[in-house]
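Me: I should like to learn how to read individual features of a structural model. May we work through one case together?

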Amino acid sequence: VKVVKAERGALLRLDAGSGALTCVATAGLSADEVREESQTVSFGVIRACLERQEAILTDNAMVDERFQ
């Protein structure tokens, strides 16, 4: 979060066996906000990261054309 000067962020861990994502750290938001049912975090971006097996940087996932 500090490196990219983000207002908020979350670090998720993927369980290789079950495919479940677990929030292990947050900055600027609560762990409760980092759930797929929540509208706070874009799980479209998270799914894209998993599919592409690479990090994705966006300043606003809600308006980023890659995730529409």
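Reply: Let us begin with burial. Asp64 has a relative accessible area of 12%, and it is classed as buried because the cut-off for that class is under 20%. Please keep in mind throughout that this is a predicted model.

Me: With which residue does Asp64 form a salt bridge?

Reply: The general idea is to look for a side-chain nitrogen of Lys or Arg within 4 Å of a carboxyl oxygen of Asp or Glu. Here the partner of Asp64 is Arg66, and the closest N and O atoms are 2.7 Å apart. Arg66 is partly exposed, at 44% relative accessible area, whereas Asp64 is buried.

Me: How many salt bridges does a search of the whole structure find?

Reply: The search returns 1 salt bridge.

Me: How should I read the largest pocket, and how much space lies in it?

Reply: One takes the volume, then the lining, then the chemical character of that lining. The largest pocket holds about 1200 Å³ of space. Its lining comprises 31 residues, and those nearest the centre are Arg8, Gly9, Ala10, Ile56 and Thr58. Strand E1 (9-14), strand E2 (21-27) and helix H1 (43-52) are the elements that each contribute two or more residues to this lining.

Me: How do the residues of that lining divide into nonpolar, polar and charged?

Reply: The lining of the largest pocket has 20 nonpolar, 7 polar and 4 charged residues. Arg8, one of the residues nearest the centre, is located in the segment before E1. Arg8 is partly exposed, because its relative accessible area is 46%.

Me: Where is Val4 placed, and which residues make a nonpolar surface patch with it?

Reply: Val4 also belongs to the segment before E1. For a patch, one asks which nonpolar side chains with sufficient accessible area are joined. In this model Val3, Val4 and Leu57 make a nonpolar surface patch of about 350 Å².

Me: Let us turn to the helix. Are Ala48 and Val45 buried or exposed?

Reply: One reads the relative accessibility of each residue against the cut-off. Ala48, a residue of helix H1, has 8% relative accessibility and so counts as buried. Val45 is likewise found in helix H1, and its 11% relative accessibility means that Val45 counts as buried.

Me: What separates the C-alpha atoms of Ala48 and Ala10?

Reply: Here one sets the distance in space beside the separation along the chain. Ala48 and Ala10 are 38 residues apart along the chain, and their C-alpha atoms are separated by 16 Å. For Arg8 and Cys49, 41 residues apart along the chain, the C-alpha separation is 18 Å. Val45 and Ser18 lie 27 residues apart along the chain, with 20 Å between their C-alpha atoms.

Me: Finally, which value of phi does Gln53 have?

Reply: In reading backbone angles, one notes the sign of phi together with the residue type. Gln53 has a phi near 55 degrees, which is positive although the residue is not glycine. Gln53 is placed in the segment after H1. Its relative accessible area is 72%, so Gln53 is exposed.

Note on methods:
Residues are numbered from 1 along each chain as its sequence is written. This is a predicted model: local features need pLDDT of at least 70, side-chain atom pairs count only at pLDDT 80 or more; totals for chains, interfaces and linings use all residues. Side-chain values use heavy atoms; hydrogens and water are left out. On a 1 Å grid over the protein atoms alone, a cavity is a set of points where a 1.4 Å probe fits but cannot get out, and a pocket is an open set with protein on both sides within 12 Å along at least five of seven lines; lining residues have an atom within 4 Å of a point. Grid points are joined across faces, edges and corners, and a volume is the space filled by probe spheres set on the points. Helices (H or I, at least four residues) and strands (E, at least two) are DSSP runs, numbered from the N terminus. Ala, Val, Leu, Ile, Met, Phe, Trp, Tyr, Cys and Pro count as nonpolar, Asp, Glu, Lys and Arg as charged, and the others, Gly among them, as polar. Patches are made of residues with over 30% relative accessible area and no salt bridge: like charges are joined within 9 Å, nonpolar side chains (Val, Leu, Ile, Met, Phe, Trp, Tyr) within 5 Å. Accessible areas come from the Shrake-Rupley method with a 1.4 Å probe; for residues, only the protein chains shown count as cover. Buried means under 20% relative accessible area, exposed over 50%, partly exposed in between (1.4 Å probe, protein chains only).
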